[in-house]
Amino acid sequence: MRIFQRALLLLIVSIAPCYSCANGKPQTPGPHIYRVFTDGIYDLTHYGHVRSIKKAREKARQVLKVPDSQVHLTVGLSGSEEERQGYKRAPILTREEIKNLLEWVYGVDEVIFSPLITTTEVMEAQRYDLVLAGEDYAPPVNHLLRSAHQNNRGMQYYPGPILAGKFATFPREPNISTTDIIRRTVRRAAEKIETELQKSGNADFCVERFLQLLDDHIPAPAPKG
């Protein structure tokens with residue numbers, strides 16, 4: 001008899017509707033949350049980076065046609081420390097320092113260390129619904145042609161989402177870059193040095209010559225944040 005009672009109880013529990021302990025109402029699934037990804041180097045994080053992240057989130061809402069509450073934006077810090085050293089120039093801030101900054105940016109739900117190249121395997125592992133990048137990474141018109149892959153930055157860094165049809169671009173913030181900030185900082189320092197040396201009667205130091213030497217070691221601004 002006791003065995004029968006236990007079996008009956010298990011049967012009732014298994015077929016009973018699921019109720020919320022909080023209000024006694026049947027549980028209903030919430031709205032789908034779309035996983036969105038954008039990435040960059042983000043060295044010396046500045047307002048251009050912040051605005052680009054905001055544009056990425058806005059673009060995601062437009063493409064997915066969903067309210068902001070259904071967007072989960074993951075910001076990736078591209079590449080390992082070794083890859084970042086050789087990408088454009090050696091970053092001034094470490095990935096951990098940049099991560100600590102970006103986690104405070106409004107609209108960022110998650111900051112991760114991500115691969116330099118977003119492949120199909122990365123897309124599947126992270127379950128991204130959409131990947132976004134600056135408009136200079138726009139894929140070729142016909143990305144299915146192998147010949148279109150050559151010399152295209154989009155296919156070089158974002159082959160996975162482009163081939164999956166889950167890629168979109170947004171306009172970059174003009175007139176600001178990390179490289180420009182570095183140049184301005186160095187110029188201010190050089191001008192200060194020149195002024196102090198001139199005061200001491202030493203006119204051998206030339207700001208313009210110094211900046212020319214700097215240009216030989218700091219390349220022009222490039223994409224990828």
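In this predicted model, Thr38 of the protein chain has Leu132 as its bridge partner in E4. That contact belongs to the pairing of strand E1 (residues 34-40) with strand E4 (residues 130-134), where the two strands run parallel and 3 bridges hold the register. Turn to E2, and the picture continues: here Asp39 has Gly76 as its bridge partner. E1 and E2 also pair in the parallel sense, this time over 7 bridges. E2 itself is well covered, as 7 of its 8 residues are buried, so the strand is largely enclosed by the rest of the structure.

Zooming out, these strands belong to an open sheet of 5 strands, ordered E3-E2-E1-E4-E5 and paired in parallel fashion. The edges are taken by strand E3 (110-114) and strand E5 (167-170), each of which pairs on one side only. On average, and ignoring direction, neighbouring strands of the sheet are turned by 30° against each other.

The sheet sits within a chain that has 9 helices alongside its 5 strands. Read from the N terminus, the elements go α-β-α-β-α-α-β-α-β-α-α-β-α-α. Of the 225 residues in the protein chain, 37% are buried. Sequence-distant contacts are plentiful by the numbers: among contacts between residues at least 6 apart in sequence, 75% join residues at least 24 apart. As for the outside, the protein chain exposes about 14000 Å², and carbon and sulfur atoms supply 57% of that area.

Next come the aromatic side chains. A pair of aromatic rings is described by the distance of the centres and the angle of the planes. Searching the whole structure turns up 4 aromatic pairs. In one of them, the rings of Tyr137 and Tyr157 have centres 5.9 Å apart and planes at 85°, so this pair counts as edge-to-face. Tyr137 comes from the loop between E4 and helix H6 (153-157), while Tyr157 is in helix H6 itself, so the pair ties together parts that are 20 residues apart in sequence. Both partners are tucked away: Tyr137 is buried at a relative accessible area of 1%, and Tyr157 is buried at 8%. Another pair brings together Tyr158 and Phe167, with ring centres 5.3 Å apart and planes at 35°, so here the arrangement is tilted. Tyr158 is buried, with a relative accessibility of 1%. Phe167 has a relative accessible area of 16% and is buried too, because the cut-off for buried is under 20%. Taken together, ring pairs link Tyr137, Tyr157, Tyr158 and Phe167 into a cluster.

Gln156 is found in helix H6 as well. At 44% relative accessibility, Gln156 counts as partly exposed, in contrast to Tyr157, which is buried. Along the chain, Gln156 is 19 residues from Tyr137, and the C-alpha atoms of the two are separated by 8.9 Å.

Rings can meet charges as well as other rings. The case here involves Arg95, whose charged end sits over the ring of Phe113 at 4.1 Å from the ring centre. Residue 113 falls within edge strand E3 (110-114).

Finally, a word on the backbone. Most residues other than glycine have a negative phi. Leu44 goes the other way, with a positive phi of about 45° although it is not a glycine. Its place is in the loop between E1 and helix H2 (47-64), and at 23% relative accessibility Leu44 counts as partly exposed. Lys65 also has a positive phi, about 60°, again without being a glycine. This lysine is located in the loop between H2 and strand E2 (71-78). Lys65 is exposed, with a relative accessible area of 71%.

Conventions:
Residues numbered from 1 in each chain as written. Predicted model: local features only at pLDDT ≥ 70, side-chain atom pairs only at ≥ 80, totals over all residues. Heavy atoms only, no water. Pairing = 2+ DSSP bridges. Helix = DSSP H or I, 4+ residues; strand = E, 2+ residues; numbered from the N terminus. Axes fitted to C-alpha atoms, helices over the stretch in contact; angles between N-to-C directions. Phe/Tyr/Trp six-rings, centres within 6.5 Å; stacked < 30°, edge-to-face > 60°. Buried < 20%, exposed > 50% of the residue type's maximum accessible area, 1.4 Å probe, protein only. Lys NZ or Arg CZ within 6 Å of the ring centre and 35° of its normal. Contact = heavy atoms within 4.5 Å. Areas by Shrake-Rupley, 256 points an atom, 1.4 Å probe, with all protein chains shown as cover.
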